[in-house]
Amino acid sequence: MAFQDPLARFAEVSADPLGYARAWKARTGRPVIGSFPMNFPSELAHAAGALPLIIQESDDPITVGHALLFPFYCGYTRSTVDQAAKGDLAVLDAIMFGDHCVQLLGAADAVRVALPDTQVIFFQLISSMCDPWTFGRARESFQKLRSELEDFLERPVDDAALRESIALFNRNRALIRELYRMRVDGRVALTAAQMQSVVKSSMVMDKHEHTALLEELLAAVPAQAAPDSTAPIRVHLSGHFCQAPKPELLNMFEECGAVVVGDDLYHGFRYISTDVPEDLDPMDGLARWYMDRNTGVPCPTRVQNDVDWDAFLLGAMRNERAEGMIVLMAKFCEPHMYYYPEVKEAFERADVPHLLLETEHEGMAMEYMRTRVESFVELVRRRRGVARAALQPVEGEPA
Amino acid sequence: MNAPVQPPKLPGAANKLKSTRMAGKLVNEYWEMVWRAKEEGKLVCWYEGSSINPFLEAADIVWVHGEAYSAMLAARHQEGPAQAAAEERGYSRELCSYARTHLGCAVNNQRHRNGSDSAFADVPADEDISAKLPPPDMIISAYAYCSTGQQWDEMTSRLFGKKIPIFNVSIPWIWASGKDAGYCRGKEWEETSVYVARQLEEMVKFIEERTGKPYPWDRLRELMRNVKRASELRLEAMDMCTARPAPATLFDWSVSIAPINQLPCTTDIVDYFTKVRDEVAERVRTGEGAVPKEKYRLFFDGIMNWNKLGWLAEKFAKYDAAVVAGRYTHMAFWQEPDLIDANDPVMGMGQNYLICPNNHSSPILIDLVMGLCEKYQVDGIVFHATRTCRAFTNPMHLIAETAHSRLGLQTSMFEGDVADESFYKDELLNTRVEAMLEAIDARRLATA
């Protein structure tokens with residue numbers, strides 16, 4: 001039971017993040033600071049005594065949001081604007097972000113109009129990662145955001161508190177990464193939906209509370225039987241940046257005979273991949289973290305000519321002993337659409353099977369997708385025992 | 001793939017400026033120069049977005065503006081082969097069609113240089129001008145507002161095997177934070193201007209590395225004097241279109257984008273805009289309108305649909321509607337010449353790059369649009385909901401709402417795209433514009 005209890009709580013919070021925030025606010029009387037994905041350092045808001053919450057795509061269909069944003073935008077931006085227009089985000093005292101995605105900028109403008117009583121704070125992070133001034137500019141951006149947060153809360157965020165928050169967040173990330181390692185090794189049996197709720201709830205919950213639950217979970221992991229040769233095929237999930245893939249989609253993969261052993265989803269390993277160095281000045285540390293994240297798990301929303309996402313994926317799959325990759329592309333996600341041909345060609349060259357699925361906020365044709373996934377699983381299963389190029393290091397892969 | 005469909009001919013209703021015909025000649029000469037670049041041993045730079053071309057022209061580097069090439073292909077209905085090549089490589093048609101078309105040119109270019117697995121595919125058709133684009137020797141990315149620009153350049157670099165040197169200039173969005181924030185003012189504006197100018201100076205060092213020569217600053221100053229003068233003349237002519245009937249429309253200004261945006265910054269562009277200004281002035285003097293029976297005055301919000309430029313000009317003229325101004329034409333392209341000090345041009349150039357028509361967040365942007373609507377005394381706004389250009393569609397609903405609530409303007413939206421005509425729905429445009437014009441009529445009757 002001890003293993004299932006934390007998982008149940010994570011799933012509960014993941015299903016109703018704003019409900020959690022409202023209860024937390026009622027209980028503590030402290031502010032809730034929302035942020036847009038994917039690079040705002042929540043440590044800043046935490047150190048200021050607030051609850052940092054990464055705004056999540058809602059399951060609700062878009063209604064009033066249609067009056068603010070066109071339907072040819074990604075589900076995350078449309079849903080966020082819709083939630084703002086419906087008043088669902090009223091629990092947020094402020095929203096902070098620094099990410100530069102053209103659709104997100106449109107959403108931010110609309111949210112600012114829809115929530116006139118909510119302070120929306122923005123300072124654009126540099127997304128060109130190779131420039132001599134990238135580190136300095138990233139640090140400056142975080143410092144600006146910190147100053148605006150201090151102005152808003154009318155209290156300083158002191159360095160000691162920030163260091164404590166950084167240490168706590170690092171601890172939280174490390175525990176989740178341990179779960180990832182255990183999943184690769186077969187020491188823990190977590191479904192993809194369960195793993196997602198572990199990460200997603202971490203984006204929402206009070207970090208102390210979440211970390212305590214993670215420790216409880218890890219202490220209670222039941223022993224697993226060794227996998228046999230009839231085990232499901234091992235897949236890596238890739239893509240889906242700002243929003244979480246729908247749990248029913250993840251469950252369907254498993255129903256089709258796949259087991260997810262790794263991912264680079266934002267609601268997955270991307271979120272917890274990188275720690276903030278604790279031996280640096282905290283603002284230096286945050287800037288370092290921002291840059292390290294993109295070399296650790298390259299993101300197509302950044303441009304960095306000396307890092308290859310495709311090579312990273314092939315390397316990650318080798319480490320995870322994954323047999324195939326399912327690419328989840330959120331419809332209208334421009335960075336992903338730009339980069340996908342690179343990934344496709346690299347995987348074809350390496351002779352590693354992959355399947356592209358386009359996801360939508362509403363109306364996904366699940367049965368059509370199921371047929372495609374079943375075929376993919378069958379194809380990968382037939383390749384078992386065949387030597388694969390993916391087992392070899394690939395050019396451009398980070399050491 | 002889009003078939004190169006020629007729109008059916010409508011009876012000519014638009015009284016276009018005669019002086020803009022010279023733009024076609026200048027544009028053709030410019031692209032001929034680009035296509036000859038390799039034969040002449042010139043370095044070629046690909047770039048998108050901001051008009052950094054004077055920096056390149058001064059250094060004798062041939063410049064290729066990605067959007068301009070895509071727009072030119074679309075305007076000539078020759079975008080099909082490039083878009084097909086892009087789609088074949090896996091680029092979704094929901095991507096910016098400027099980028100998709102330009103990336104398709106890069107795919108074609110690589111294919112023709114490196115061969116392909118097809119006995120036929122590596123031979124460009126004679127009329128396939130997408131394959132004529134010379135490959136870059138360098139890439140400079142300096143894109144305001146739209147994240148797609150930087151990613152497009154990065155992908156271009158990767159298409160060429162990351163062997164082409166690339167330089168990124170980051171141009172932040174003006175969020176309008178702080179009580180002093182406004183159009184071209186406030187601490188955020190000042191700090192961002194300095195940030196961009198410093199990067200431009202680094203960009204010049206990058207150019208020097210490529211050419212192996214000291215940067216010719218005097219030449220840049222000379223070119224920027226021409227740009228500044230051309231811009232002043234253009235704005236002067238635009239201002240005269242507050243007259244009734246309007247002597248020129250948005251479609252004349254769209255034809256005139258190339259001369260201000262990417263043609264060589266010689267005295268030719270000063271001559272061009274002098275002639276345009278003079279013709280506009282003469283029309284004002286004689287009362288000659290760009291739409292002979294001007295009954296309605298409209299604002300056009302959105303980027304141009306290059307496949308349909310002439311088609312739309314005729315369509316609105318047939319409705320007796322003069323599209324007198326637009327966000328794309330009237331809020332961009334060296335829009336603030338007073339900021340340019342030709343003797344020390346870098347800061348002013350950077351500031352003009354920051355004044356892309358989308359690079360200010362909605363509080364500032366909407367005020368600017370409302371100001372233009374009042375200045376040109378429009379009856380309504382037509383929104384071109386550009387399917388793959390979210391940079392332009394982002395604030396449209398907010399603008400429409402404000403136009404209605406603040407100025408009582410009628411608005412209408414139609415779907416289309418910059419360079420992919422498959423998104424254009426003619427019947428939707430017809431019914432929606434007709435409905436808007438009827439509403440304007442009804443309002444006039446009610447207040448008569």
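This dialogue walks through a predicted model, feature by feature.

Trainee: Where do I start with the interior? Which residues touch the most other members of the largest nonpolar core?

Mentor: Start with the general idea. In soluble globular proteins, nonpolar side chains tend to be buried together. Here the largest nonpolar core has 282 residues. B:Trp31, B:Phe55, B:Tyr98 and B:Phe316 touch the most other members.

Trainee: What does B:Tyr98 touch, leaving out residues up to four places away in sequence?

Mentor: Its contacts include B:Glu67, B:Ser70, B:Trp152, B:Trp306 and B:Tyr328. B:Val418 and B:Ala419 are also among them. There is a second, separate core as well, with 22 residues. A:Val260, A:Ile326, A:Val373 and A:Phe376 are included in that second core.

Trainee: How many disulfides are there over all chains?

Mentor: Look for two cysteine sulfur atoms within 2.5 Å. The count over all chains is zero. Take A:Cys101, which is in no disulfide. The nearest cysteine sulfur belongs to A:Cys242, 6.4 Å away. A:Cys101 is partly exposed, at 22% relative accessible area.

Trainee: Why does A:Cys333 make no bond with A:Cys74?

Mentor: Because the sulfurs are too far apart for a bond, at 6.6 Å. The sulfur of A:Cys74 is the closest cysteine sulfur to that of A:Cys333. A:Cys333 is buried, with a relative accessible area of 15%.

Trainee: Now the chain contact. How many residues does each chain bring to it?

Mentor: Read an interface by its residues, its area and its polar links. Chain B gives 52 residues and chain A gives 49 residues. Together they bury about 4500 Å², with 54% of it on carbon and sulfur atoms. On the chain B side, B:Arg89, B:Trp175 and B:Arg390 lose the most area to chain A. Those three account together for 17% of what that side buries.

Trainee: How many salt bridges link chain B and chain A?

Mentor: Six salt bridges. One pairs B:Arg89 with A:Glu342, whose closest N and O atoms are 3.1 Å apart. Polar contacts between the chains come to 29 residue pairs. Helix 6 of chain B, residues 147-159, supplies 10 residues, the largest share of the side that touches chain A.

Trainee: How do I read a single polar residue? Is A:Gln56 buried or exposed?

Mentor: Check its place, its accessibility and its partners. A:Gln56 lies in the loop between strand 2 (51-54) and helix 4 (75-86) of chain A. A:Gln56 is buried, at 5% relative accessible area. Its side chain makes a polar contact with the side chain of A:His267, at 2.6 Å. Other residues in contact with A:Gln56 include A:Pro17, A:Tyr76 and A:Lys200.

Trainee: What about the backbone? Which peptide bond near B:Pro245 is cis?

Mentor: Omega is the angle to check. The bond from B:Arg244 to B:Pro245 is cis, with omega near -5°. B:Pro245 sits in the loop between helix 8 (217-239) and helix 9 (250-255) of chain B. The bond from A:Pro37 to A:Met38 is also cis, with omega near 5°. A:Met38 is in the loop between strand 1 (32-35) and helix 3 (42-47) of chain A.

Trainee: And phi? Where is B:Lys162 found?

Mentor: B:Lys162 is in the loop between helix 6 and strand 4 (166-171) of chain B. Phi of B:Lys162 is positive, near 55°, and the residue is not a glycine. B:Lys162 is partly exposed, at 30%. B:Ala176 also has a positive phi, about 70°. At 18% relative accessibility, B:Ala176 counts as buried.

Conventions:
Residues numbered from 1 in each chain as written. Chains lettered and ligands numbered in written order. Predicted model: local features only at pLDDT ≥ 70, side-chain atom pairs only at ≥ 80, totals over all residues. Heavy atoms only, no water. Core = buried A, V, L, I, M, F, W, Y, C linked by side-chain atoms within 4.5 Å. Buried < 20%, exposed > 50% of the residue type's maximum accessible area, 1.4 Å probe, protein only. Contact = heavy atoms within 4.5 Å. Buried area = accessible area lost by both parts, 1.4 Å probe. Salt bridge = Lys/Arg side-chain N within 4 Å of Asp/Glu carboxyl O. Polar contact = N/O pair within 3.5 Å; in protein donor to acceptor, adjacent residues only side chain to side chain. Helix = DSSP H or I, 4+ residues; strand = E, 2+ residues; numbered from the N terminus.
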